[in-house]
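Hi there,

Here is the structure I promised to pass on. Have a look at it first, and then read on for what turned up.

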Amino acid sequence: MKTSLKNVLNTTVDKLNTLGADQCDVILSKGSSFSLSAQNGEIDKYKVSGAQVLGIRAIKNQKVGLAYTESLDEDSIAIASKAAIENALNSEVNKFESIVNESGDHFFESEFQKDGISTEDKIEFCLKLEEEVKRRDSRVQSVPYNGFSEAESSQYYLNSNNVFGFSSEYYQSCYTSALLQEGDESGMHYHGVIGRKLADLDWKACVDESLGHASEWMKADSLKTGHYDIIFEFDAFSEILGCFSNIFSAKGAMEKTNPFADKIGEKVASDEFIIRDIPAYKDAFFKSHFDSEGFTHKDLTLIDGGILKSFYHNTATANFFKQSTTGHASRGAKSALGISGTTKVIEAGKTGDSEITNGSYFEVHSLQGLHSGANSVSGDFSFAAAGYLCRDGKRETPVKGVTVSGNFHKMLLDLKLIGDKIHSTEDRGFFAPKLRFERMSVAGK
């Protein structure tokens, strides 16, 4: 942590108090990144970037004003502080948003630091990814996506009740892809991994996954239109859950865009379904410690035994519903107060993987057009999918050119089987057992 940046926050809060703010808080986000991409044996993109932004929220007469500055000198801070007060005075009354005191500071400096690997080594690593994809299969027409990146970030928080927070992160990632062509047949896949240092990045897995699925989908065919049991690959299901995550938002409930707004205490999923938000989950790649209002992150049960137990709350939604915040406020330096979850974990069920994968089912790996084909209020969705028709846990037929459609809310209620082992997405940001959904609509040939 840089003491000079903490001093900037103190200076800003003092300035806002002098200008007459009833309450205020400030967020300072600082980050830097380095990225490379390779095409045709050469580095075609080399980007180094860095930014710092100070975001101000001032409350005056129950009105909220926002402002930000990318310059941290005293004059810029003074101008932004004055703008925040003026914006508050010119806004509508917001009687629910407030700065609430929580005692204690939050200090979480990442144990992970830059590994000292030279830029030349990173360039060599990036070039090797593309080279290996092409070397492994003569049918590779191109490697459309191929690169390496690293990023470090830190966030500072301070409010007028003197609650302070600091956290920092560092990580690296790489990705590659394969576009295969043979005659009129083609197949394409992309895969990425994340780690703390270059030695952690499993580049072989990137190559294997990209080539393996691209090769299979070259010979893939459509399914016959009908109803199929479906098991979603974990990254695919995480995408679907993210698309309908508004069902857990108290802000959505307050604004009447959450279809589960009146369903707290009601059955919304199968009896065995349990999902929790666990900010410091032991296997998660990123840990979350405090929210954007300075509240400590705590575990939260969202659905238990199929019953909706809680929404994500910030102080504004908590005041509206006469509840307590769950510590899930989200606000960037340039944005207004919102809500966001952390690491979602679906608890293991009682069914072994051999029973989960018994018989015939469609294993969905790749989704296209999910967000454009989804209605977050009704729960209806329709998206293009690729994967494998499987039997008894073995992939029998690669599949592409099909459309999966249904209703997410009904999916949760009709969930057939929940596996007894927890798995994770590639980025270790979502954890779940295998889930088998029965008789979903698949349009093909």
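R436 and D229 form a salt bridge through their side chains, with N and O 3.0 Å apart. R436 sits in strand β22 and D229 in strand β9 (residues 226–232), so this pair ties together parts that lie 207 residues apart in sequence. R436 counts as buried because its relative accessibility is 4%, and D229 counts as buried too, at 12%. Please keep in mind that this is a predicted model, so the distances here are computed from it.

A second bridge to look at joins R395 and E363, at 2.8 Å from N to O. It also links distant parts of the chain: R395 belongs to strand β18 (residues 394–407) and E363 to strand β16 (residues 360–368), 32 residues apart. Here the two partners fall into separate classes, R395 being partly exposed at 47% relative accessibility and E363 buried at 15%.

For a local example, try E132 and R135, whose closest N and O atoms are 2.7 Å apart. Both are in helix α3 (residues 119–136), and because they are three residues apart there, about one helical turn separates them. E132 is buried, with a relative accessible area of 14%, whereas R135 is exposed at 56%.

The whole structure has 25 salt bridges. Some are joined up: D25, R57, E97, E293 and R331 are linked in a network.

Now to the cavities. How many of 30 Å³ or more does a search of the whole structure find? There are two. The largest has a volume of about 50 Å³, and its lining consists of F232, F234, F237, F430, A432, P433, L435 and F437. Helix α5 (234–243) and strands β21 (430–432) and β22 (435–443) each contribute at least two of these residues. By class, the lining has eight nonpolar residues, with no polar and no charged ones.

The second largest cavity has a volume of about 30 Å³. Around it are F237, L241, I247, F248, F273, I275, I303, F408 and L412, with α5 and α9 (408–413) each supplying at least two lining residues. This lining comprises nine nonpolar residues and, again, no polar or charged ones. F237 is worth selecting in your viewer, as it appears in the lining of the largest cavity and in that of the second largest.

Lastly, the surface: Y145, M188 and Y190 make up a nonpolar patch with about 300 Å² of accessible area together. Y190 is located in strand β8 (residues 185–195) and is partly exposed, at 42% relative accessibility.

Best wishes

Methods:
Residues are numbered from 1 along each chain as its sequence is written. This is a predicted model: local features need pLDDT of at least 70, side-chain atom pairs count only at pLDDT 80 or more; totals for chains, interfaces and linings use all residues. Side-chain values use heavy atoms; hydrogens and water are left out. Patches are made of residues with over 30% relative accessible area and no salt bridge: like charges are joined within 9 Å, nonpolar side chains (Val, Leu, Ile, Met, Phe, Trp, Tyr) within 5 Å. Accessible areas come from the Shrake-Rupley method with a 1.4 Å probe; for residues, only the protein chains shown count as cover. A salt bridge is a side-chain nitrogen of Lys or Arg within 4 Å of a carboxyl oxygen of Asp or Glu. Helices (H or I, at least four residues) and strands (E, at least two) are DSSP runs, numbered from the N terminus. Buried means under 20% relative accessible area, exposed over 50%, partly exposed in between (1.4 Å probe, protein chains only). On a 1 Å grid over the protein atoms alone, a cavity is a set of points where a 1.4 Å probe fits but cannot get out, and a pocket is an open set with protein on both sides within 12 Å along at least five of seven lines; lining residues have an atom within 4 Å of a point. Grid points are joined across faces, edges and corners, and a volume is the space filled by probe spheres set on the points. Ala, Val, Leu, Ile, Met, Phe, Trp, Tyr, Cys and Pro count as nonpolar, Asp, Glu, Lys and Arg as charged, and the others, Gly among them, as polar.
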